[in-house]
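Q: Could you take me through one helix of this model in close detail, and then show me how a few other parts of the chain are put together? I'd be glad of a connected account rather than a list.

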Amino acid sequence: MAENPKSFARRDRLLEIESKVQSWWEENDVFKSESQEQPPGPGEKFFGNFPFPYMNGFLHLGHAFSLSKVEFAAAYHRLRGANVLFPFGFHCTGMPIKAAADKLAREIQHFGNPPEFPSAVDEEASQPSEQEDANAGSQSAPDKFKGKKSKASSKKGTQLYQWEIMHSFDLSDADIPKFQDPYKWVTHFPRLAVDDLKLFGLGVDWRRSFVTTDINPFFDSFVRWQMRKLKAAGKIVKDLRYTIYSPLDGQPCADHDRASGEGVQPQEYTIIKMEVVAPLPAKLSALEGRKVYLAAATLRPETMYGQTNAWVLPEGKYGAFEINDTDVFILTHRAALNLAYQRYSRIPEKPTCLVELTGYDLIGLPLRSPLSFNEIIYTLPMLTILTDKGTGIVTSVPSDAPDDYMALHDLKAKPGLREKFNVKDEWILPFEIIPIINIPEFGDKPAEKVCTDLKIKSQNEKEKLAEAKRLTYLKGFTEGTMLVGEFAGEKVQDVKPKVRKMLLEQGHAIVYSEPEKKVMSRSGDECVVALTDQWYITYGEPEWKKLAEECLARMNLYSDETRHGFEHTLSWLNQWACSRSFGLGTRIPWDEQFLVESLSDSTIYMAYYTVAHFLQNGDMYGSSIGSIKPEQMTDEVWDYLFCGGTYPQSSNIDPNLLRLMKREFDYWYPFDLRVSGKDLIQNHLTFCIYNHTAIFDGHHWPRGFRCNGHILLNSEKMSKSTGNFKTLREAIEEFSADATRFALADAGDGVDDANFVFETANAAILRLTKEITWMEEVLEAEAALRSGPPSTYADRVFANEINLAIKLTEQNYQNYMFREALKTGFYDLQAARDEYRFSCADGGMNRDLIWHFMDVQTRLITPICPHYGEYVWRELLKKEGFAVKAGWPTADAPDLTLKSANKYLQDSIVLMRKLLQKQILGSKKGNKKGAPVTQLTEDKQLTGLIYVNERYDGWKEECLRILQSKFDSKTRTFAPDSEIMAALQQSEIGQAANFRQVQKLCMPFLRFKKDETLSLGPHALNLKLPFGEIEVLSENLELIRRQLGLERVEILSFTDPDAVARAGSLTSVLNQNPPSPGEIYGDQEDSGIFSVLNFIGQVIKVSSVILNAMPNVKPLFIKSKNPLQNPQEGKCNDKKSPKIRCPEIQMEEEEHRQRKMHLLGQKQVLHRPQQHFHLLHCKAENQKKSETASVSKL
């Protein structure tokens, strides 16, 4: 917002309107949704929903962005007359709330109540340089965010104490300790969220809202039924599985339990047991009597035949860990921790390190490795090993691994390197590459060949080695053939599982898993992969997967990228751990030591919305018992309601109430649209598909998902740590609800990240309040409006623009393209209104048409700005009922020819005005030379002669006829250029003596017309425009005269010899540069008598900028206090908005761009034909012609 306090008046008026409108809605239960006795027909009902937000804090603009998509969709369907259900719930299941409550309790225990935390900032306060940085940061502009942190902040990190986080929620020191109880969060934040969403104007039936977890006994019963239903169908099993696991929490860490690493899965390796050959060195003497192995993790066990050595990182930290009573593995501590949770530790889940080691301690160890053709190999140093992947021990196969080949090559070729790490020659020099796999194009030593081809000189050339691996690794697996071993002659991809199985069975290897990438739980610990015995949902099971794919194929996903995301997820998704022991939620009914995991109780709850108001009596916690008690909701009752089960004879629920509940579900289900961020495709949304296909009949499967990207704030990532963050309430307080919604609609509609721009929200405040003011002024001066039916050209054009806006905006809403709906239903419609106001001038605007405009614009913007729409509807237009249910406006079929004609007219005026200005001011070239500028005095009045040729003739006509004959309208293709050229040469103009000169004009004309035809269609080859140009211009003579500031304007036909003769001595100039309905398609030189203005490109409609063609000839922004005539706003306020700009700024930017393109000589593909004009201005007293100019015109 601007710093001037006066700027808040407009915002405050919107907030006042919003408060008033929300009270109207609440008093009249406007958003209350009820089913009908008859099933709905196509389009008669709309059920939209949104993944319930997690209630560990305030709602923010990220929530609002995704939420706005389904809100706008529901509002559109409600407006057009559909019966709409838009419910909203709140998610409290899982561990985030419990983890935060426990963290708060620990802080109070350690630091007191209220706590006194140690301050890292205090320790650094004496360092002035850091203090200066901090001070400098505090001076940042409010819409700029600094990413740099002081040293103190860096030490502390981005993690705040939980007490500090609670302070940010506006909680007092007295209230914060209450949140040690996780259920306090559940009762506190959902109520605040409801308040915020009501302020936002969300059209929700709040009777159906609920919170999850066992605090709500009805929802708890629903989830228990769902889990029993899945288990009975064989979709839930108990088994040992590898899963991402939090040691601190003591349970699997699902996606929503993670602070980072969402979507990361276990990566499975084979650990090769490379036995250390006795005698053990002194460093390992404590391990005497044990079997000691270097544990090397590999993804390619079939290559073990080619081992020449093992690699360790010299500086790496390792340990000798006790696996069982006899075996000891040497590997990193991180790998040992993973193994301990996979039952490879003498003490389960607690790795025991017998000896701390470094890589230097391991260099030179003799090893006996399974499958290796070398009986003894040695441990050698490698400088590029990553200890956060695998075990830190790498087995070396230089025949196939480029990294191994170059590291071995370096040690062999560089005695100094061997000496640096005390590597003896006998550990390395005798070992040669062993061919084990033949790869097409790379032979039997692929690593050597690819390194030679890429000219790799050292193991440190990481980028080249990565490229070498890319070239050979996958190709070796998919196309390679084994040369050695028991499976020689077989394909590598067939051999790999056989060799792995053999190694495991012989006890030479074990299975090992770790997270693909680092995963941090919300409790703050790094996760491992654990082998857990727990309950799993069998996603990926073949028959179930087929049903999910069938459901997906039937759904509307609104983008190919979204569909591809689901298809990819279905291709890899497998068993999912659905139980855990920590957090909030519903107990697994047959194994109550476990809770249902937070993504597993969130898959079909959309069905619960349909009956929640019957069960909960309007209380989101289900604590207000009405006609039904929780214990009455048995599995038989749920089956009857949702799955077409038989009537539950044993139930004592009122039969009429039961039938009403069933009717409610059958009426609303399936849901029509679910809107979500695209990050939920890989879990929640796909789970939703799976669970619906398992529990419901096919006609109740979901109909549509619409996924969006994340939202940026002012083109920067939204982040609390940088301050670039805004809660929903903060946005409403700063911009108002409707301006926030306006900016959210403008932010973007695709699956890429969108951008919420504060300046757009501020501009929306101005636009909405100014529009209200204009309507108030129009209604106050209504008597001055022109009565009777619309009759003028301007009336017809404006009515046509309204019809077009209705049709286009309806299409955009139907496709859920809300930014486009905002453009066509508000920006474009306002531009048309402003153009109409100016065109009418003294004749005045038509009363009926203006009322129609106000009615239509109000309805079209209401889904996005409902408070504004409701206020205008009731307070200004005095309409009955509510704008949100007013019905979609009716419209006649738009007249596209009339639209083209009007654009022709408006663009012509703009370009003639520019030409007139240039004629009066003189050429820039002359000014540079210091020549005096030709200026007209005020007593010199001007008359404009505009010459029009409505038909192509001459060589242009011939070119068009050739193109017409060479165009295939079915395939939308032209014949080859050689064939077109041959036809041109054989034509009448091709036989003419001056063909060489004409050909230079024909070629660019032909190219342009071909491009235009491919863009617009075959009508671009017509000899005339689809409307009468002279008729259009003549009907608007007064408008042209007024906008150009001329005394008189005449429209003349170039084909009329008498009209041409009026050019007097300049007739020859006119004939040399004849007007045409076609286009300027090249460079024209100044004739010395007149200036030529080439303006090629997309023409921007001008509605509120005019150039006053008087002697001083300067562009003026005309302001008027009369709302019935000229537009009020002259100066545009939207220059900073990167989205949809007002016509004035579009014109300025487009003109600048087109001038630049012309100067660079770049070809433009035009969107419509152009017009040449010849404007001759004369002295009124003697009609003496002064000069002629030609304007290129679209």
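A: Happy to. In helix α33, which spans residues 977–986, the buried residues are Ile980, Met981, Ala983 and Leu984. Looking down the axis of α33, these buried residues fall within an arc of 160°, so they line one face of the helix. The face turned away from that buried side carries the exposed residues Ser978 and Gln986. As for what the buried residues of α33 pack against, there are three elements: α32 (954–965), β30 (973–974) and α34 (995–1016). Do keep in mind that all of this comes from a predicted model.

From that helix, let's turn to a strand. Strand β13 covers residues 377–381, and 5 of its 5 residues are buried, which makes the strand mostly covered. Strand β8 (residues 309–312) runs parallel to β13 and is joined to it by 4 bridges. Within that pairing, alanine 310 stands opposite threonine 379 of β13. Strand β12 (residues 366–368) also pairs with β13, here in the antiparallel sense and over 2 bridges. In this case proline 366 has tyrosine 378 in β13 as its bridge partner. In general, strands of a sheet pair through backbone hydrogen bonds, in either a parallel or an antiparallel manner.

A small sheet elsewhere is a nice companion to this. Its 3 strands form an open sheet in the order β26-β25-β27, with mixed pairing. The edges are taken by β26 (716–717) and β27 (754–756), each with a single partner strand, so one side of each is left without a neighbour in the sheet. Strand β25 (residues 711–713) is joined to β26 by 2 bridges, and the two run antiparallel. There, leucine 713 stands opposite glutamate 716 of β26. A helix belongs in this picture too: α24 (residues 737–747) lies across β25 and β27, and runs at about 155° to β27.

Finally, here is the setting for these parts. The protein chain has 39 helices and 36 strands. Of its 1194 residues, 55% are buried. Among contacts in the chain with a separation of 6 or more, 76% are between residues 24 or more positions apart. The chain exposes about 51000 Å², and carbon and sulfur atoms supply 49% of that area.

Methods. Residues are numbered from 1 along each chain as its sequence is written. This is a predicted model: local features need pLDDT of at least 70, side-chain atom pairs count only at pLDDT 80 or more; totals for chains, interfaces and linings use all residues. Side-chain values use heavy atoms; hydrogens and water are left out. Buried means under 20% relative accessible area, exposed over 50%, partly exposed in between (1.4 Å probe, protein chains only). The arc is that of the directions from the helix axis to the C-beta atoms. Contact means heavy atoms within 4.5 Å. Two strands pair if DSSP finds at least two bridges between them. Accessible areas come from the Shrake-Rupley method with a 1.4 Å probe; for residues, only the protein chains shown count as cover. Axes are lines fitted to C-alpha atoms, for helices over the stretch in contact, and angles run from 0 to 180 degrees between N-to-C directions.
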